[in-house]
Amino acid sequence: MKNILESETLNADVSVSQIRSVQRKREGREKAARQRKRRRLRKLIGQVLAAALFSIVSVMMIACVVTGAMYLSGGLR
């Protein structure tokens, strides 16, 4: 978090409560940005896992079908 007093010059009429209000708003925006980033990452990981699972199941089903066809045709006796 960036300190307001280090980054900006202040007018003499600015009160402590106004400074705290600005800091709270800034912290809220940063927290919301982190949450959005985390949600996007979680969604991406879920999509990758779903694609991997789909691929594994597809390959296993193809292997079972080919093995069954070979068995039924007499190739595995």
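1. Start with Arg 38. Arg 38 sits in helix 2, which covers residues 16-73. Is Arg 38 buried, partly exposed or exposed? Arg 38 counts as partly exposed, because its relative accessibility is 45%. The cut-offs matter here: buried means under 20%, exposed means over 50%, and partly exposed lies in between. Keep in mind that this is a predicted model.

2. Arg 38 has charged company. A positive surface patch includes Arg 38. The other members are Lys 31, Arg 34, Arg 36, Lys 37, Arg 39, Arg 40 and Arg 42.

3. Now check helix 2 itself. How far apart are its end C-alpha atoms? They are 85 Å apart. Helix 2 has 58 residues, and at 1.5 Å a residue it should span 86 Å. The expected span uses one less than the number of residues, so count steps rather than residues. The two values agree.

4. Some of helix 2 is covered. Which residues are buried there? Ile 19, Gln 23 and Arg 26 are buried in helix 2. Across the protein chain, buried residues make up 5% of the 77 residues.

5. Look next at Ile 62. This residue also belongs to helix 2. Ile 62 counts as exposed because its relative accessibility is 54%, and the cut-off for exposed is over 50%.

6. Ile 62 is part of a nonpolar patch on the surface. Val 66, Met 70, Tyr 71, Leu 72 and Leu 76 complete the patch. Together, these residues have about 620 Å² of accessible area.

7. What follows helix 2? Gly 74 comes just after helix 2 and takes a positive phi of about 95 degrees.

8. Finally, the whole chain. The protein chain has 2 helices and 0 strands. About 7,000 Å² of the chain is exposed. Carbon and sulfur atoms supply 64% of that area.

Methods:
Residues numbered from 1 in each chain as written. Predicted model: local features only at pLDDT ≥ 70, side-chain atom pairs only at ≥ 80, totals over all residues. Heavy atoms only, no water. Patch = residues over 30% accessible without salt bridge, like charges linked within 9 Å, V, L, I, M, F, W, Y side chains within 5 Å. Areas by Shrake-Rupley, 256 points an atom, 1.4 Å probe, with all protein chains shown as cover. Salt bridge = Lys/Arg side-chain N within 4 Å of Asp/Glu carboxyl O. Lys, Arg positive; Asp, Glu negative; His and termini not counted. Charge placed at Lys NZ, Arg CZ, Asp CG, Glu CD. Helix = DSSP H or I, 4+ residues; strand = E, 2+ residues; numbered from the N terminus. Buried < 20%, exposed > 50% of the residue type's maximum accessible area, 1.4 Å probe, protein only.
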